[in-house]
Amino acid sequence: MSRILLCGVVAALSALLLVGCQRTPATVSYAKDVAPILEKRCKSCHSPGQPGYVASGFDLQGYESLMKGTRYGAVVLPGDPLTSTLVMLIEGRADPSLKMPHGTEAPLSAAEIGTIRHWVEQGAKNN
Ligand code: HEC
C-alpha cells in the first residue's frame, strides 16, 4: 500500500518536473509589455524636439519609428538581442556616456530589461 502511494508521489513529481522544464517563455507583447516601458522611461527624451531625438533622430512615438531607429539606422534587430543597439544600451554594454535612460536617470529594472530582451529575441513583432 505505502509502496503504491510512494510510486504515485514519484510519478506526480516527475510529471510536474517535466511540465516545468518544457515551459517556454511566455510571448511578450509589444503593445502590452514593451511600449509601456518605453513610454514611461524613454519617450520624454525621444520625441520630436526633445534632447534624445535631437541628438540621435530616435523617435519613440510608436512601433514604426522604434523599428526605424536613429538617423544612422536600426537599433532593434529582430531575433538578435545580442547585437541590437537598444538592448546593448539598456543593459549597459556600451560606453557609459551612452547608458539609457540617459544621464542621471535610474537604469531599467532587471525585469524590464528581460521583457525587452525577450521581445527582441521573439522577433520584435508589432503584437
Ligand atoms: C534624459 C533623456 C533621455 C532618456 C530618458 C533616454 N534617452 Fe536615449 N538618448 C538621449 C540622448 C541625449 C541621446 C544621444 C546620445 C549621444 O549621442 O551622445 C540618446 C540616444 C539614444 C540612442 C541612440 C544611440 C546611438 O546609437 O547613437 C538609443 C538607441 C536610445 N537613446 C535609446 C533609449 C532608450 C531605449 C531609452 C529608455 C530606456 C532612452 N534612450 C532614454 C537621451 C535620453
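Pro101 sits in the loop between α5 and α6. A cis peptide bond joins Met100 to Pro101, with omega about 0°. Most peptide bonds are trans. The model described here is predicted.

A second backbone feature lies further along the chain, in the segment after α6, at Ala124. Phi of Ala124 is near 50°, a positive value in a residue other than glycine. Most residues other than glycine have a negative phi. Is Ala124 buried or exposed? Ala124 has 24 other C-beta atoms within 10 Å, and the cut-off for buried is 20 or more, so Ala124 is buried.

| Site | Backbone value | Place |
|---|---|---|
| Met100–Pro101 | omega about 0° | Pro101: loop between α5 and α6 |
| Ala124 | phi near 50° | segment after α6 |

Now the core. The largest nonpolar core has 17 residues. Val87, Ile90, Ile116, Trp119 and Val120 have the most contacts inside it. Two elements, α5 (85-90) and α6 (110-121), each give two or more residues to this core. What does Ile116 touch, leaving out residues up to four places away in sequence? Its partners are Val34, Ile37, Val87 and Ile90.

The ligand comes next. Around the ligand are 23 residues. Cys42, Cys45, Gly52, Ala55 and His102 come nearest. The elements giving two or more residues to this shell are α3 (51-56) and α5. By type, the shell divides into 13 nonpolar, eight polar and two charged residues.

Helix α5 thus links the two themes: α5 gives two or more residues to the largest nonpolar core, and α5 also gives two or more to the shell around the ligand.

How values were computed:
Residues are numbered from 1 along each chain as its sequence is written. This is a predicted model: local features need pLDDT of at least 70, side-chain atom pairs count only at pLDDT 80 or more; totals for chains, interfaces and linings use all residues. A nonpolar core is a set of buried Ala, Val, Leu, Ile, Met, Phe, Trp, Tyr and Cys residues joined through C-beta atoms within 7 Å. A residue is buried if 20 or more other C-beta atoms lie within 10 Å of its own, exposed if 12 or fewer, and partly exposed in between; C-beta atoms are placed from the backbone. Helices (H or I, at least four residues) and strands (E, at least two) are DSSP runs, numbered from the N terminus. Two residues are in contact if their C-beta atoms, placed from the backbone, lie within 7 Å. A residue is near a molecule or strand if its C-beta atom, placed from the backbone, lies within 6 Å of it. Ala, Val, Leu, Ile, Met, Phe, Trp, Tyr, Cys and Pro count as nonpolar, Asp, Glu, Lys and Arg as charged, and the others, Gly among them, as polar.
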